[in-house]
Amino acid sequence: MKKLIIAFLAFLCAGTGLKAQTNEVSRPKLVVGIVVDQMRWDYLYRFYPRFTEGGFKRLMNEGFSCDNTMLDYIPTVTAIGHSSVYTGSVPSIHGIAGNNFYKDGKEVYCTDDAEVTGVGSDSPAGKMSPRNLLVTTIGDELKLATNFRSKVIGVALKDRASILPAGHTPDAAYWFDDATGKFISSSYYMKTLPEWVNEFNRQDLAKKMLEQNWNTLYPIETYAESTADDTPFEIPSEKSGKPTLPMKTAQMFKKSGYGVIRITPYGNTLTMEMAKAALKEEKLGQGNATDMLTVSFSSTDYVGHQFGTYAVETEDTYLRLDKDLADFFRTLDETVGKGNYLLFLTADHAAAHNFTFMKAHQIPADGWVCPETKKVLNDHLQKSFKTDFQPVRNILNYQVFFDKEKIASAGLDLQKIKDASISFLKNFKEFAYVADMENLSEATLPAIVRERAINGYNRLRSGDIQLIMQPGYYEIGSPSETGGTQHGVWNPYDAHIPLIFMGWNIQPGNTMRPVHMTDIAPTICALLRIQMPNGCIGNAITDVIE
């Protein structure tokens with residue numbers, strides 16, 4: 001009988017995440033969060049036949065895939081996506097209302113911080129911190145749960161993709177400085193770079209990679225998931241050049257510097273090498289408390305913007321990323337131990353197909369020239385309200401921002417200007433809906449669109465009018481801009497993302513039931529038996545946990 005009681009108690013402890021006898025919470029040694037910038041969900045299956053066994057295929061075969069994961073806000077951009085993944089929240093609450101947004105009446109970049117200085121570089125790229133983020137992240141809650149014994153580190157090429165996931169209390173966040181070709185940080189985190197980071201930077205890997213030039217990994221004729229390598233659907237990497245491989249990155253580096261690496265798959269490889277160095281040198285997963293490493297692969301976004309979703313360059317970038325992931329997973333197995341780490345992979349947003357590509361296949365799509373709309377709207381309002389100033393300050397994030405100070409100084413009624421603007425903009429063929437952001441709950445929008453617009457509206461940082469594009473339409477800077485692609489809207493091509501969990505306590509499988517980006521953070525927190533972030537609106541995905 002005594003043995004039966006002990007066995008029963010052990011069973012109960014296992015079911016509640018407690019270790020028998022010690023009463024300690026059972027947790028993995030390490031949590032690894034991976035965000036692939038601009039990755040469409042369908043890439044998992046479109047490129048699957050050519051993936052290696054150790055990369056994306058390993059994730060899909062050993063992990064649990066949530067195949068119907070959607071963003072639950074607009075605009076669908078990088079800073080918001082990374083923030084929402086790690087906070088389980090939306091711009092209305094976490095405050096990151098775009099890559100750029102308005103704060104105290106001034107346009108700001110999401111991670112700009114004039115109060116800090118760069119560490120590792122004197123360039124403006126170092127003056128960054130997470131202070132614009134208003135809520136906690138998974139890493140912050142992990143720190144709190146372990147009385148700050150856990151280590152949390154963020155790594156990415158993009159500053160926002162490193163800083164926002166790592167949260168307010170990390171040990172470090174590192175991002176790439178185009179001016180120096182080094183990974184840097186800021187005084188928010190540290191006074192000087194650790195010696196291992198200096199040693200990593202001294203290798204000058206970015207230069208070595210760019211000197212190789214960029215050719216296809218396999219014979220170019222085997223890239224069956226792409227269009228021809230020279231089409232009008234892409235933007236040439238150099239003026240007067242062609243959007244084709246091989247790309248002469250060595251020559252481009254001499255001309256333009258280290259920033260060239262961003263539009264090549266080498267940017268992902270460099271990020272992986274930095275993440276591996278952090279894993280080893282910081283001894284992540286080797287201590288008594290669970291550590292966390294956040295990694296974002298940013299080059300997929302730069303390549304996507306440049307070449308679009310059906311380019312040889314994009315296919316090659318994902319085939320190379322697959323090999324990088326396989327290398328990274330092997331390193332995790334060797335250093336932390338297979339089964340000792342909990343990993344998830346997702347995206348911050350997806351991407352539209354190039355509109356000229358779509359039109360070539362007789363599918364409705366087009367580009368919306370934002371600057372032209374701003375001009376004609378201002379002309380209309382100045383004429384209608386007899387003003388000598390421009391009432392529209394900016395159109396940003398598919399939102400119209402008014403110059404409220406000047407409107408108030410002129411004694412004009414802001415609501416009347418908004419109403420006149422909405423009536424005028426409804427005549428544009430590019431817009432499916434135009435709505436007052438203060439009254440979105442009353443707007444005649446489909447429920448799913450209305451909810452995402454409300455979630456994306458931060459009353460202190462967002463605009464005054466929400467523009468909902470027709471399907472297939474996206475913002476472009478000028479009529480001559482016909483190549484590449486964009487993202488930012490509610491539609492599935494921008495909002496449907498991959499989500500796969502793998503490793504500690506994860507059973508293989510998949511689900512097609514609806515899941516939201518905001519469900520990722522509470523799921524990880526539930527597995528770790530820690531509190532979810534303080535602005536979280538998502539729910540733990542029971543399919544993953546049970």
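Where does Arg529 lie? In this predicted model, Arg529 sits in the loop between helix H20 (520-528) and helix H21 (542-545). Its backbone and others like it come up again below.

## Overall build

The chain has 21 helices and 21 strands. Its radius of gyration is 24 Å, close to the 24 Å that the globule rule gives for 546 residues, so the chain is as compact as a globular protein of that length. Along the principal axes, the C-alpha atoms fill a box of roughly 85 × 55 × 50 Å.

Of the 546 residues, 59% are buried. Contacts with a separation of 6 or more can be split by distance along the chain. Residues 24 or more positions apart account for 73% of them.

## Surface and charge

The accessible surface of the chain comes to about 22100 Å². Carbon and sulfur atoms hold 51% of that area.

The chain carries 55 positive and 63 negative charges. The mean positions of the two sets are 3 Å apart.

## Cysteines

How many disulfides does a search of the whole structure find? The count is 0. A disulfide is a covalent bond between the sulfur atoms of two cysteines. The cut-off used here is a pair of cysteine sulfur atoms within 2.5 Å.

Cys66 is in no disulfide, and the nearest cysteine sulfur, that of Cys536, is 15 Å away. Cys66 is buried, with a relative accessible area of 1%. Cys370 is in no disulfide either; the nearest cysteine sulfur belongs to Cys110, 19 Å away. Cys370 also counts as buried, at 5% relative accessibility.

## Cis peptide bonds

Most residues other than glycine have a negative phi, and most peptide bonds are trans. Two bonds to proline are cis here.

One joins Ile74 and Pro75, with omega about 5 degrees. Pro75 is in the loop between strand E3 (69-70) and helix H4 (78-87). The other joins Leu245 and Pro246, again with omega about 5 degrees. Pro246 falls in the loop between helix H9 (205-210) and helix H10 (249-256).

## Positive phi outside glycine

Asn147 is not a glycine, yet its phi is positive, about 55 degrees. Asn147 is in the loop between helix H6 (138-145) and strand E7 (152-156). Is Asn147 buried or exposed? Asn147 is exposed, with a relative accessible area of 57%.

Arg529 is another residue other than glycine with a positive phi, near 60 degrees. As noted at the start, Arg529 lies between H20 and H21. At 36% relative accessibility, Arg529 counts as partly exposed.

## Helix H12

Helix H12 spans residues 299-307 and is mostly covered. How many of its 9 residues are buried? The number is 7. The buried residues are Ser299, Thr300, Asp301, Val303, Gly304, Gln306 and Phe307.

What do these buried residues pack against? Their partners include two strands, E1 (30-36) and E10 (291-297). Helices also take part: H4, H11 (266-281) and H13 (312-337). H4 is the helix that follows the loop holding Pro75. After H12 comes Gly308, whose phi is positive, near 90 degrees.

Conventions
Residues numbered from 1 in each chain as written. Predicted model: local features only at pLDDT ≥ 70, side-chain atom pairs only at ≥ 80, totals over all residues. Heavy atoms only, no water. Buried < 20%, exposed > 50% of the residue type's maximum accessible area, 1.4 Å probe, protein only. Helix = DSSP H or I, 4+ residues; strand = E, 2+ residues; numbered from the N terminus. Rg over C-alpha atoms; globule rule 2.2 N^0.38 Å. Contact = heavy atoms within 4.5 Å. Areas by Shrake-Rupley, 256 points an atom, 1.4 Å probe, with all protein chains shown as cover. Lys, Arg positive; Asp, Glu negative; His and termini not counted. Charge placed at Lys NZ, Arg CZ, Asp CG, Glu CD.
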